[in-house]
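Visitor: Could you walk me through how to read a model like this one? I would like to start with a single residue and work outwards.

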Amino acid sequence: LSRVKTIKGFINQVYNWGIEEGLIADAKNSPVHGMELPKEAKKMKPILTTDEIKQLMYEAFKRDHTWKHIWDVAILTGMRSGELFALKWSDVDLENNLIRITKSFSQRLGTIKTTKNTDWRNGHISADLKDVFVELKNIRGNEKTS
């Protein structure tokens, strides 16, 4: 469907240019003018079920996987991977149970930038997430990044 829409757009552009330049006589519109195409159904991206998340985290901690805490924070906050990468301890307020999500890492640019929608937001730190942050703080000490 997206290819058909693209081709329709090209035909419209060519005909409209030809009409404006006087190269196509006796035509007021392109042959596809007013042609309605159905809207594309949004594809839902697959996500993990609660049971799959529990299994993932069980296995991650059982195997002492390097990324276990990252996955834990991702699951408990819903943060994007670039936001997780850009997260610093200064963004985590354990006293007030708030996490400030203000920036993101862009792999394409190779640098820290604003979040995807450019809006800063605060997230609540649940008791489970607080436990993860406290454990990470004990492991990492005073590193600047979390």
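**From one residue to the whole chain**

Guide: Gladly. Gln55 counts as partly exposed, at 45% relative accessibility. The model is predicted, so local features are read where pLDDT is at least 70. Gln55 belongs to helix α2, which covers residues 50-62.

Visitor: How far apart in space are Gln55 and Lys5, C-alpha to C-alpha?

Guide: The two are 42 Å apart, with their positions 50 residues apart in sequence.

Visitor: Is Asn12 buried or exposed?

Guide: The cut-off for buried is under 20% relative accessible area. Asn12 has 19%, so Asn12 is buried. Asn12 sits in helix α1, residues 2-20.

Visitor: Which residues is Asn12 in contact with, leaving aside its neighbours within four places in sequence?

Guide: Those contacts are Ser30, Val32 and His33.

Visitor: Now for nonpolar cores. What is the general idea?

Guide: In soluble globular proteins, nonpolar side chains tend to be buried together. Here the largest nonpolar core has 13 residues, and Val73, Val92, Ile99 and Phe133 touch the most other members. Strand β2 (98-101) and helix α5 (127-140) each supply at least two residues of this core. The most comes from α5, which gives four residues.

Visitor: What does Val92 touch, not counting residues up to four places away in sequence?

Guide: Val92 touches Leu87, Leu98, Ile99, Ile125 and Phe133.

Visitor: Let us step back to the whole chain. How many helices and strands are there?

Guide: There are five helices and five strands. Starting at the N terminus, their order is α-α-α-α-β-β-β-β-β-α. The chain is more spread out than a compact globule, because its radius of gyration is 25 Å, well over the 15 Å that the globule rule gives for 146 residues. Along the principal axes, the C-alpha atoms fill a box of roughly 80 × 30 × 25 Å.

Visitor: What share of the 146 residues counts as buried?

Guide: The buried share is 24%. As for the surface, the chain exposes about 11300 Å², and carbon and sulfur atoms supply 54% of that area.

Visitor: And the contacts between residues at least 6 apart in sequence: what percentage join residues at least 24 apart?

Guide: For this chain the figure is 42%.

Visitor: One last feature: how far apart are the mean positions of the positive and negative charges?

Guide: They are 3 Å apart, taken over 24 positive and 19 negative charges.

Definitions and conventions. Residues are numbered from 1 along each chain as its sequence is written. Side-chain values use heavy atoms; hydrogens and water are left out. The radius of gyration is taken over C-alpha atoms; the globule rule is 2.2 Å times the number of residues to the power 0.38. Buried means under 20% relative accessible area, exposed over 50%, partly exposed in between (1.4 Å probe, protein chains only). Contact means heavy atoms within 4.5 Å. Accessible areas come from the Shrake-Rupley method with a 1.4 Å probe; for residues, only the protein chains shown count as cover. Lys and Arg count as positive and Asp and Glu as negative; His and the chain ends are not counted. The place of a charge is taken as NZ of Lys, CZ of Arg, CG of Asp or CD of Glu. A nonpolar core is a set of buried Ala, Val, Leu, Ile, Met, Phe, Trp, Tyr and Cys residues joined through side-chain atoms within 4.5 Å.
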